[in-house]
Each structure stands twice: as structure tokens, then as C-alpha cells.
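Reader: I like to know what stands behind the labels people put on a model. Can we go through a few of them together?

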Amino acid sequence: MEKPLVSIVMGSDSDLPVMKEASDILNQFNVSHETLILSAHRSPEETAQYAKQAIKNDVRVVIAGAGGAAHLAGVIASLTTLPVIGVPIKTPALNGTDSLFSIVQMPPGIPVATVGINAAKNAGILAAQILSLSNPALQKKLEDYKQSLSKSVLEKTEKLKKIGIEKYLSNTK
Ligand code: RP5
């Protein structure tokens, strides 16, 4: 089996439905990755061990998702020089603002590249973009992906021009 270049780590299996989106987009770009559950609070020793070992295992980017007092991404970033992308998970109590602030407000010296609340897909794309710096084939896939986004917007504006607002809205309901 191919060694994982990206580690997708999350604090709980309750984060999995969101974090799966990172895995899905990495599969689309054919980027090898692993998916792990590790908690900064509930399994601190194992989390530290993982973070110290990741670079030696040839992982190149870490994506870490957690909710609430979301310290997972920051703790991993404190123990590795690998780029760490943080995904704040939406919480019932504070809608994910707690997770966002916990992940984004890192002290100078220990950055975590934080994406939006529940934005695991963007985390996957960002990880692929980092890897594409040394992988022209992956860069081409990312260019094609961006082209497809642009094409879909242009198709929408053409359709809107053609059928008008009322029909457009009733068609997309
Ligand atoms: C965090 O606490 C996890 O990342 C999760 O988002 C949140 C709740 O965890 P569970 O109680 O659902 O396991 O550590």
C-alpha cells in the first residue's frame, strides 16, 4: 500500500461525517492519505507520539479537525514542522465559533492554517495544493478542478440569462 502523504486526524468519531469530505476530495485527486482518531485531551500521549513521528513516516501535510475546546491541531503543530491545516468542527453549543477561535488563535511561532467551520473539503484541497508544489501531475489535476468550477459558474449565468429568475429558482428548488 502507498505511504500516506496526508494525515487526516480528528478528535472524535463524531467529527467523521465532516472530515470525510477531506478524504473524498483527496481521493478525487488520487492523493494517498490516512484517517485517524486522536484526541488532544482524551488520548494526549498517543497524540504527542503520533505528532512527533509523522514526519519520519513521510507524511507531508496534516489536516486536524476538532470541535469545542479544539486543541488538536495546535498541539500537533507544536510537535512537528509539518504544515498543519486546522478544521473547526461545528458544535451544538456555540455553532463552531468556539472551535474556530481555539484553532485560529495560535501563538506566534506555531501556525495552524485554519479553514472555515466544517470546511474539510477546503482543507483537502489546500493539502493537495501544498503537495502539488513538487508534483506537476497533481498541479494539472488542481488546474482542471479550478477550470471545472469556473465552467459551472459560467453555465449558471448563461442559464439565468436564458430562462430568467423565476424559472431558474423553480428549476433549482
Ligand atoms: C472534540 O470534542 C472532538 O473533536 C469533537 O468535535 C467534540 C465532541 O466529541 P464527542 O463527545 O462527540 O466524542 O474533542
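Author: What follows is a short back-and-forth on the ligand site and the sheet of this predicted model.

Reader: What makes G11, S12, S14, D15, R42, A66 and G67 the residues around the ligand?

Author: A heavy atom within 4 Å is the criterion, and G11, S12, S14, D15, R42, A66 and G67 are the residues listed around the ligand. That shell divides into one nonpolar, four polar and two charged residues.

Reader: How do you know that S14 makes a polar contact with the ligand?

Author: The cut-off is 3.5 Å between N or O atoms. A polar side-chain atom of S14 lies 2.7 Å from a ligand oxygen, so the pair counts. D15 also qualifies, with a polar side-chain atom 2.6 Å from an oxygen of the ligand. With G67 the backbone does the job: one of its polar atoms is 3.1 Å from a ligand oxygen. As for cover, the protein takes up 65% of the 360 Å² of accessible area that the ligand has on its own.

Reader: Why say that the ligand "sits in" the largest pocket?

Author: Because the term asks for more than half of a molecule's atoms within 2 Å of the pocket's grid points, and the ligand sits in the largest pocket by that test.

Reader: And the sheet: what makes β2 and β5 edge strands?

Author: The order is β2-β1-β3-β4-β5, an open sheet with parallel pairing. Both β2 (33-37) and β5 (113-114) pair on one side only.

Reader: How do you know that β1 and β2 pair?

Author: At least two bridges are needed. Strand β1 (residues 6-10) and β2 have five, in the parallel sense, so they pair. One of the bridge partnerships joins V6 to H33 in β2.

Key
Residues numbered from 1 in each chain as written. Predicted model: local features only at pLDDT ≥ 70, side-chain atom pairs only at ≥ 80, totals over all residues. Heavy atoms only, no water. Polar contact = N/O pair within 3.5 Å; in protein donor to acceptor, adjacent residues only side chain to side chain. Areas by Shrake-Rupley, 256 points an atom, 1.4 Å probe, with all protein chains shown as cover. 1 Å grid on protein atoms, 1.4 Å probe; cavity = no way out; pocket = protein on both sides within 12 Å on 5 of 7 lines; lining within 4 Å. Nonpolar A, V, L, I, M, F, W, Y, C, P; charged D, E, K, R; others polar. Helix = DSSP H or I, 4+ residues; strand = E, 2+ residues; numbered from the N terminus.
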